[in-house]
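User: Please take one part of this model and examine it closely, residue by residue. Then follow the contacts and charged pairs outward from there, in one connected account.

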Amino acid sequence: MILPGKEEFDLREYRYIYIQSGNGKITKDNFVNIIASANSPLIPKKGGVLSENFIIITPDNKHFYGLSYSKDLIGWRQQIEKGIVILDLNIGEIKDGKYFSILNGEKYKLEDCQFERYNFYDETGNLIKSNTPVEKEKIL
């Protein structure tokens, strides 16, 4: 298993969004709202955004939900950052494969964080919708 964003790719970037929700669940609408809030006009010219179905939990128990975007990296980055500002959210990213760095200046060692995933298929092909812890040793 690979931690989304730990490795860099030419045509895909990964970000983690801090979204407070009453029930501890993320929905597709959370990400749609981030992108749509700055939708006049849409900045990126190609590519798209995907939920990574992965969560980084900081030592102070903030849950950051992963997403990635492709192709027009500059355009998608600007679109998402505008939405984050409009909705007063926070965003983080993995730096140097070792740190989780948040836009507000907070920085954590990945080894000090916890990880979960959701909406994935287990080894027998069953869809697991609930948040499920991931062992650090398997992704770091």
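Analyst: Starting from K82, and not counting residues up to four places away in sequence, the contacts of this lysine are with A38 and I43. The model is a predicted one, and everything below should be read with that in mind. K82 belongs to helix α2, and its relative accessible area of 40% puts K82 in the partly exposed class. The approach to this stretch of the chain can also be expressed through the backbone, since the C-alpha atoms of K82 and A36 are separated by 9.9 Å although their positions lie 46 residues apart along the chain.

I43 leads on to D72, which sits in the loop between β3 (63-70) and α2 (73-87). Once its neighbours within four places in sequence are left aside, D72 is in contact with I43, P44, K45 and K46, so that I43 is touched by K82 of the helix as well as by this aspartate, by the definition of contact as heavy atoms within 4.5 Å. What is the nearest side chain of opposite charge to D72, and how far away is it? It is K45, at 6.7 Å, and D72 is therefore buried yet without a salt bridge, because a salt bridge requires a side-chain nitrogen of Lys or Arg within 4 Å of a carboxyl oxygen of Asp or Glu. K45 is thus among the contacts of D72 without meeting that requirement for a salt bridge, given the 6.7 Å just stated.

A different situation is found further along the helix, at R77. The side chains of E13 and R77 meet in a salt bridge with an N to O distance of 2.5 Å. Because E13 lies in strand β1 and R77 in helix α2, this pair ties together parts that are 64 residues apart in sequence. The two partners fall into separate accessibility classes: E13 counts as buried at 15% relative accessibility, a value under the 20% limit that defines the class, whereas R77 is partly exposed with a relative accessible area of 26%.

This bridge is part of something wider, for E13, R15, R77, E93 and K95 are linked in a network of salt bridges. Within the network, K95 forms a salt bridge with E93, the closest N and O atoms being 3.5 Å apart. Both of these residues are partly exposed, K95 at 35% relative accessibility and E93 with a relative accessible area of 22%. By the same rule, the count for the model comes to six salt bridges.

One that also joins distant parts of the chain is the pair K62 and E106, whose side chains meet at 3.2 Å, N to O. Here K62 is in the loop between β2 (49-57) and β3, and E106 is in the loop between β5 (99-102) and β6 (107-109), with their positions 44 residues apart. K62 counts as partly exposed at 23% relative accessibility, and E106 has that class and value too.

The network brings us to the largest pocket, where about 270 Å³ of space is found. Its lining consists of 15 residues, among which G5, E8, R15, E93 and I94 lie nearest the centre. The elements that contribute two or more residues to this lining are β1 (12-18) and β4 (90-95), with β1 giving the largest share, five residues. In character the lining divides into four nonpolar, two polar and nine charged residues. R15 and E93, both members of the salt-bridge network, are thus also among the residues nearest the pocket centre.

I94, another of the residues nearest that centre, leads to one last environment. L110 lies in the loop between β6 and β7 (114-117) and counts as buried, with 2% relative accessibility. Leaving aside its neighbours within four places in sequence, L110 is in contact with L3, I56, I94, G97, K98, Y99, F100, F115 and L140. Of these, G97 is 13 residues from L110 along the chain, and the C-alpha atoms of the two are separated by 8.1 Å.

Definitions and conventions: Residues numbered from 1 in each chain as written. Predicted model: local features only at pLDDT ≥ 70, side-chain atom pairs only at ≥ 80, totals over all residues. Heavy atoms only, no water. Helix = DSSP H or I, 4+ residues; strand = E, 2+ residues; numbered from the N terminus. Buried < 20%, exposed > 50% of the residue type's maximum accessible area, 1.4 Å probe, protein only. Lys, Arg positive; Asp, Glu negative; His and termini not counted. 1 Å grid on protein atoms, 1.4 Å probe; cavity = no way out; pocket = protein on both sides within 12 Å on 5 of 7 lines; lining within 4 Å. Points joined across faces, edges and corners; volume = space filled by probe spheres on them. Nonpolar A, V, L, I, M, F, W, Y, C, P; charged D, E, K, R; others polar.
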